[in-house]
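Open the model in your viewer and keep the selection tool at hand. The stops below follow one another as selections to make.

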Amino acid sequence: MLDRLKNHIAQNFPFLENKKLLLATSGGLDSIVMAHLFKRLDYAVALAHCNFQLRGLESFGDQNFVQDFASANNIPMFLTQFDTEAFAKDYKLSTQVAARDLRYNWFYELLETEEFDYVLTAHHADDNIETFLINLSRGTGLEGLVGIPAQNDKIIRPLLLFSREEIANYADENNIEWREDSSNASDKYLRNKIRHDLVPLLKELNPQFISSFQKTQSYLQESQAMVEDASIMVYQQVAKQEEDGIYFDLNQLRKLPNYTSYLYQWLHEFGFSAWDDIYNLVESQSGKYVFSAEFRLLKDRDLLILSPIDLSNSNEEYFIDEGTEDVKIPLKLSLCKVDAIYIPTNTAIFVDQNKLEFPLVLRRWNEGDNFQPFGMDGKSKKVSKLFKDEKLSLLEKENVWILWSGTKIVWVVGVRQDERFKIDNKTQNILKIELE
């Protein structure tokens, strides 16, 4: 096993040579064997142990065991303790997800503060099979079937080619002791039921099941790579990335024979799960949308618009006192006195400062807002009608701010100035307001 690991690293992870490695070590069979192997290969390693405090004294027994192992083998060790249940409750997570988040956040912290190059975890071939079957049982796309990645950023999983049986045999041959997690015996968790009942049956039906499975997964990985390549090429024809979001051209999308597959490929990383609702957006009326936790997909005429959810308070107001020269929030505005003007544009207006009532106020537009568009003397117009005339998308409308003086609109920012504050022959103080 040692020679196979050495060759595996040379072929797939040659960059680990002469690097500083942090080994995630629970005290169980897999992580202790990994630590033993990398110590024998003479890598510069340290152990990282998380005490999640989920199994009472047993958790502290694991902690003490890893500390003793590190001391006996002269390996540096880092230790932390988490109140996992409290964290899970505070953030409304399952215990397993909470433990995973806490663990990996701490690993990345150690990478930075202790200047490690990579974190190594002891996932093996049986873990890969179990993950595949869990995802298969729950329903998944192709990415759920390709297995645990051998490398994910700074996380390396060097034992994926070995089965649990091979790891256990190595431990027996080398008289290696380890700690058995009592929760592994319980069938309360789906993974344990698959481990105890389903995988042994598959191995009984085919003694070469692990080898066959690894071949199949290799083919799936190749297929996924092809899908990703095709997805990128089609994305360039259908999507356009703007500052406020990604715009998908529905006329181009509908030409694809299987556009739902492309939508899934493009959007699943944004946390969406209501796929039928997303697919129905293509033929729905404008204004319909679907949310994920952090993003919104909006149907607007012949577009689907993906944008982050605006978590700001739509009723929030920002005040601009007289004499202010620069505004940073919520928009970047500059205000300065000038002696001459040019024709107002969407990004710069000139107003009679003496007509203004300070402080000026910036807020989002509301449906009933009215103003007098520049150039339309005495005629009022709803801001919503202005948006329609300007053919603004729904997303663009949501991002518009209004500059107010008292109860009057000075500027629909970036769209149109109000007539009532324009420069005339009585103006003595000209104020230029510019959107940067």
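Begin at arginine 301, which sits in the loop between strand 10 (295-300) and strand 11 (303-308); helices (H or I, at least four residues) and strands (E, at least two) are DSSP runs, numbered from the N terminus. Arginine 301 is not a glycine, yet has a positive phi of about 55 degrees. Its relative accessibility is 44%, so arginine 301 counts as partly exposed. The classes are buried for under 20% relative accessible area, exposed for over 50%, and partly exposed in between (1.4 Å probe, protein chains only).

Two notes on the source apply throughout. This is a predicted model, in which local features need pLDDT of at least 70 and side-chain atom pairs count only at pLDDT 80 or more, while totals for chains, interfaces and linings use all residues. Residues are numbered from 1 along each chain as its sequence is written, and side-chain values use heavy atoms, with hydrogens and water left out.

Next, select asparagine 74, in the loop between helix 3 (57-72) and strand 3 (77-81). Asparagine 74 also is not a glycine and has a positive phi of about 55 degrees. Is asparagine 74 buried or exposed? Asparagine 74 counts as exposed, because its relative accessibility is 66%.

Now go to strand 13 (residues 326-327) and strand 14 (residues 333-338), which pair in the antiparallel sense over two bridges; strands count as paired if DSSP finds at least two bridges between them. The two strands form a hairpin with five residues between them. Aspartate 326 stands opposite serine 334 in strand 14. In the loop between these strands, select proline 330. The peptide bond from isoleucine 329 to proline 330 is cis, with omega near 0 degrees.

Stay on strand 14 and add strand 22 (residues 430-435): six bridges join them, and they run antiparallel. Valine 338 stands opposite isoleucine 430 in strand 22.

A second cis peptide bond runs from phenylalanine 358 to proline 359, again with omega near 0 degrees. Look for proline 359 in the loop between strand 15 (348-352) and strand 16 (360-364).

Strand 16 leads to an open sheet of five strands, in the order 12-16-19-20-21, with antiparallel pairing. At its edges are strand 12 (318-320) and strand 21 (416-417), each of which pairs on one side only. Strand 20 (residues 408-412) runs antiparallel to strand 21 and is joined to it by two bridges. For a residue pair to display here, take tryptophan 411, opposite glutamine 417 in strand 21.

Move to helix 1 (residues 2-12), where Leu2, Leu5, His8 and Ile9 are buried. Down the axis of helix 1, these buried residues fall within an arc of 125 degrees, so they line one face of the helix; the arc is that of the directions from the helix axis to the C-beta atoms. The face turned away from the buried side carries the exposed residues Asp3, Ala10 and Gln11.

The last selections are two cysteines. Cysteine 50 is buried, with a relative accessible area of 10%, whereas cysteine 336 is partly exposed at 34% relative accessibility. The structure holds zero disulfides, a disulfide being a pair of cysteine sulfur atoms within 2.5 Å.
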